[in-house]
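Work through the exercises below with the model open. Try each task before reading its solution.

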Amino acid sequence: MKLTKKSHACIRLEKDGQTLVIDPGDFSEEDAAVGADVILVTHEHPDHFAEDRLRAGLEANPGAEIWTLRSVADQLSAAFPGRVHTVGHGDTFSAAGFDVQVHGELHAVIHPDIPRITNVGYLVDGSVFHPGDALTVPEQPVETLMLPVMAPWSKISEVIEYVREVKPRRAIDIHDALLTDLARPIYDRQIGGLGGADHSRLTPGDSTEL
């Protein structure tokens, strides 16, 4: 399986001629979902869910479909009838040759005064886990953890402990649009040295084979 990092929290997974895209939001490229057969959205925040990105992907491929939680599905179902599927924690499904498990229920706490919204993470082919905006630990082993490395709701100690708890073979940064180049070496050194897993980051557009 080929993993391509897009900007911020968006990734593309490709295998056997099929493409799965997770979280094409406002911070990702305008064509982030173009070419996708399957699109997954973790939650409704605009850096993860941008309707124009989704529309571009669905119009480019009439066979493409979306799987997401209800708060997002309710905004899309009327525009794309029959192509938007609602999922929640514990659900499993197969699409375009990818097997997907859904984990998690709530967004991480941003501040006690801000109500928490729904957030789900996706474990793809029992291997790659994208948690969205939460530090959800799946019940199954994870080989590749897409690691939300920097967010208004997190601090680096929590990020390191999350890697330790999930125990992936490798952790690859996502949710990094707010992380400046000056700070990246600090995060790389501390997460790589303390997390207990191989830690790396990809420049948007770069790929790696899993």
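**Exercise 1. Place Gly 104 and describe its surroundings.**

Step 1. Gly 104 sits in the loop between β8 and β9. Helices (H or I, at least four residues) and strands (E, at least two) are DSSP runs, numbered from the N terminus. The model is predicted: local features need pLDDT of at least 70, side-chain atom pairs count only at pLDDT 80 or more, and totals for chains, interfaces and linings use all residues. Residues are numbered from 1 along each chain as its sequence is written, and side-chain values use heavy atoms, with hydrogens and water left out.

Step 2. Check accessibility. Gly 104 has a relative accessible area of 8%, so the residue is buried. Buried means under 20% relative accessible area, exposed over 50%, partly exposed in between (1.4 Å probe, protein chains only).

Step 3. List contacts (heavy atoms within 4.5 Å). Not counting residues up to four places away in sequence, Gly 104 touches His 89, Asn 119, Val 120 and Thr 136.

Step 4. Add a distance. The C-alpha atoms of Gly 104 and Gly 132 are separated by 9.4 Å, with their positions 28 residues apart along the chain.

**Exercise 2. Lys 5: is this residue buried or exposed, and what does it touch?**

Step 1. Lys 5 lies in strand β1, residues 2-5.

Step 2. Its relative accessibility is 1%, so Lys 5 counts as buried.

Step 3. Leave out residues up to four places away in sequence. Lys 5 then touches Cys 10, Asp 173, Ile 174, Asp 176, Leu 202, Thr 203, Pro 204, Gly 205 and Asp 206.

**Exercise 3. Follow β4 to its partners and into the core.**

Step 1. Sort the side chains. Val 38 and Leu 40 point one way from β4, Ile 39 and Val 41 the other way, and all are buried.

Step 2. Find the partners. Two strands pair if DSSP finds at least two bridges between them. β3 and β4 run parallel, joined by 3 bridges. Val 38 in β4 is the bridge partner of Leu 20. β4 and β5 also run parallel, with 4 bridges. Here Leu 40 stands opposite Trp 67 in β5.

Step 3. Move to the core. A nonpolar core is a set of buried Ala, Val, Leu, Ile, Met, Phe, Trp, Tyr and Cys residues joined through side-chain atoms within 4.5 Å. The largest one has 22 residues. Those with the most contacts inside it are Leu 13, Leu 20, Leu 40, Phe 93 and Tyr 122. The elements giving two or more residues to this core include β2 (11-15), β3 (18-22) and β4 (38-41). β8 gives the most, with 3 residues.

Step 4. Note the second core. It is separate, has 18 residues and includes Cys 10, Ala 32, Ile 66 and Ala 73.

**Exercise 4. How many aromatic pairs does a search of the whole structure find?**

Step 1. Set the criteria. Rings of Phe, Tyr and Trp (its six-membered ring) pair if their centres lie within 6.5 Å; planes under 30 degrees apart count as stacked, over 60 as edge-to-face and the rest as tilted.

Step 2. The search finds 1 pair. The rings of Trp 67 and Phe 93 have centres 5.0 Å apart and planes at 5°, so the pair is stacked.

Step 3. Locate the rings. Trp 67 is in strand β5 (residues 65-68) and Phe 93 in strand β7, so the pair ties together parts 26 residues apart in sequence. Both residues are buried.

**Exercise 5. Describe the open sheet and the helix α4 on it.**

Step 1. The sheet has 7 strands in the order β7-β8-β9-β10-β11-β12-β13, with mixed pairing. β7 (92-95) and β13 (198-200) are at the edges with a single partner strand each, so one side of each lacks a neighbour in the sheet.

Step 2. Helix α4 (residues 184-194) packs on the sheet and touches β11, β12 and β13.

Step 3. Arg 184, Tyr 187 and Ile 191 are buried in α4. Seen down the helix axis, the buried residues fall within an arc of 65° (taken from the directions from the axis to the C-beta atoms), so they line one face. These buried residues pack against β11, α3 and β13.

Step 4. The face turned away from the buried side carries the exposed residues Arg 189 and Gly 193. Just after α4, Gly 196 takes a positive phi of about 85°.

Definitions and conventions:
Axes fitted to C-alpha atoms, helices over the stretch in contact; angles between N-to-C directions.
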